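Visitor: Please take me slowly through the charged pairs in this structure, and then through the strands, turns and helices that deserve a careful look alongside them.

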Amino acid sequence: MPLGLGRRKKAPPLVENEEAEPIRSGLGGVGVGGVSGVTALQPGLPPPPANLRPRLVFHTQLAHGSPTGRIEGFTNVKELYSKIAEAFKISPLEVMFCTLNTHKVDMDKLLGGQIGLEDFIFAHTKGQRKEVEVFKSEEALGLTITDNGAGYAFIKRIKEGSVIDRIQVINVGDMIESINGQSLIGCRHYEVAKMLKDLPKGRTFTMKLTEPRKAFDMISQRAAGAKRSGSTPLGTGRGTLRLRAKGPATVEEQPSAFEEKAIEKVDDLLESYMGIRDTELAATMVELGKDKQNPDEFAEALDEQLGDFAFPDEFVFDVWGAIGDAKVGRY
C-alpha cells in the first residue's frame with residue numbers, strides 16, 4: 001500500500017534547509033506550564049479530583065535581571081507568560097520566550113513542551129527594535145525559525161556563512177515582527193519560514209525585528225545557539241511537566257532513551273524540510289508513530305492530529321524511518 005494513500009491533505013514540499021521551526025504554539029503550540037491541577041496520569045485511571053492534585057510551583061526571573069518570583073497555576077505557554085507578567089508587573093506581550101536554567105539566549109535551553117519539575121525559568125522580554133534591509137542573493141537565507149506558542153516567531157539558528165550570517169545586526173533570539181510591512185504577529189513558525197523562502201532571489205526585502213533585552217554580560221553576544229551543541233535532556237529533576245496544545249498538562253517520567261533520540265532526529269527533519277525546529281511538535285509526532293504498524297497508519301494519524309501542517313509524503317516517510325531507527329537503537 002503506497003505511503004499517503006487515502007490521506008486527506010496533500011501539499012508540495014516546503015523549503016529544504018530553510019526557515020521555520022516550532023516551539024509550538026500548540027504550536028505550536030508548545031506551551032509550558034505547571035500548575036496546581038497538573039498531575040501524572042496512569043493508564044485506565046481517571047484523574048484525581050482537583051483538591052488532591054499536586055501543587056506545582058516554579059521559580060522564575062527576568063533574563064536581564066530581576067528578583068526571583070514564584071509562579072503556579074498555568075497549563076500552556078500563554079498562561080505561563082501571564083503568570084510571569086503578573087509576578088513582575090509587566091504586560092504578557094513583553095515576554096518573547098523563556099529559557100531553562102540559564103539567563104542567556106541559549107536556544108538549546110529554550111523552553112518548549114516540557115519543563116523539569118526542578119527547572120528554573122528565565123523570561124526574555126522585548127528589547128531594542130530594529131529595521132534591516134536584506135538582499136536575497138541566495139535561495140536559502142540560512143535561518144531556522146521557531147515560535148513561542150503565543151504569537152511570536154523568532155530566529156533560533158543562523159547558518160554559518162549564510163546570507164543572514166553576514167548581517168551582523170541580525171541575531172539569534174530576534175523576533176520577526178514584519179516582512180516588507182506585513183505583520184507576522186500571530187503567525188506560526190512554519191508560516192514565517194515559508195514566507196522567507198518564497199521571497200524572490202535577487203531582490204531586497206525589509207524585516208522589522210525586536211531583540212531580547214540583554215543583561216550586561218550578554219551585550220557582546222551575537223549568536224549563541226547558531227551552532228548546535230550536544231543534545232540536552234528534556235527536563236531535569238524528578239520528572240517533567242508536559243505542556244500540550246490540546247488537553248491538560250501532565251506530569252510524566254523523563255523521556256526514555258528511545259524517545260529522546262527519536263525526538264532529536266524528527267526535530268532535525270523538521271529543520272531540513274521546513275526550516276523550523278520544534279521539540280514539542282517532534283515529541284507529538286514520535287508519540288503518534290511509536291505504536292503504529294506501518295507508514296500509512298502513521299500518515300493517517302498525522303492528518304488527524306496535525307493536518308494543518310500538510311506534511312509532504314516524503315517527509316512523513318523519513319519521519320517514520322527515523323522513529324523506526326530509534327526503536328532498534330540505530331542512532
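Guide: What follows starts with the charged pairs and then turns to a strand, two loops and a helix pair.

This is a predicted model, in which local features need pLDDT of at least 70 and side-chain atom pairs count only at pLDDT 80 or more, while totals for chains, interfaces and linings use all residues. Residues are numbered from 1 along each chain as its sequence is written, and side-chain values use heavy atoms, with hydrogens and water left out.

Side chains of opposite charge can pair when their charged atoms come close. If a salt bridge is taken as a side-chain nitrogen of Lys or Arg within 4 Å of a carboxyl oxygen of Asp or Glu, the count comes to twelve. One of them joins glutamate 138 and arginine 166, with 3.5 Å from N to O. Glutamate 138 sits in the loop between strands S5 (121–135) and S6 (143–147) and arginine 166 in the loop between strands S7 (153–158) and S8 (175–179), so this pair ties together parts that are 28 residues apart in sequence; strands here are DSSP runs of E of at least two residues, helices are runs of H or I of at least four, and both are numbered from the N terminus. Glutamate 138 is partly exposed at 34% relative accessibility, where buried means under 20% relative accessible area, exposed over 50%, and partly exposed in between (1.4 Å probe, protein chains only).

Arginine 277, which is buried with a relative accessible area of 3%, forms a salt bridge with aspartate 268 at 2.9 Å between the closest N and O atoms, and another with glutamate 271 at 2.6 Å. Aspartate 268 is partly exposed at 28%, whereas glutamate 271 is buried at 16%. Through shared partners, salt bridges join Arg157, Asp267, Asp268, Glu271 and Arg277 into one network.

In a regular strand the side chains alternate between the two faces of the sheet. Strand S1 (residues 58–62) has Phe58, Thr60 and Leu62 on its covered face, and His59 and Gln61 on the uncovered one. S1 pairs with strand S2 (residues 69–71) in the antiparallel sense over three bridges, pairing requiring that DSSP finds at least two bridges between two strands. Threonine 60 has glycine 69 of S2 as its bridge partner, and in the hairpin of S1 and S2, with six residues between the strands, glycine 65 takes a positive phi near 125 degrees. With S5, S1 pairs in the parallel sense over three bridges, and leucine 62 stands opposite alanine 123 there.

Two loop residues other than glycine have a positive phi: asparagine 180, near 50 degrees, and alanine 310, about 45 degrees. Asparagine 180 lies between S8 and strand S9 (182–183) and is partly exposed at 46%, whereas alanine 310 lies between helices H6 (295–306) and H7 (313–327) and is buried at 18%.

Finally, helix H4 (residues 257–274) packs against H7 at an angle of about 155 degrees, with axes 9 Å apart; axes are lines fitted to C-alpha atoms over the stretch in contact, and angles run from 0 to 180 degrees between N-to-C directions. The two helices are therefore roughly antiparallel, since angles under 35 degrees count as roughly parallel, over 145 as roughly antiparallel, 65 to 115 as roughly perpendicular and the rest as oblique. Their contact, meaning heavy atoms within 4.5 Å, includes Phe258, Leu269 and Tyr273 of H4 and Phe315, Val319 and Ile323 of H7.
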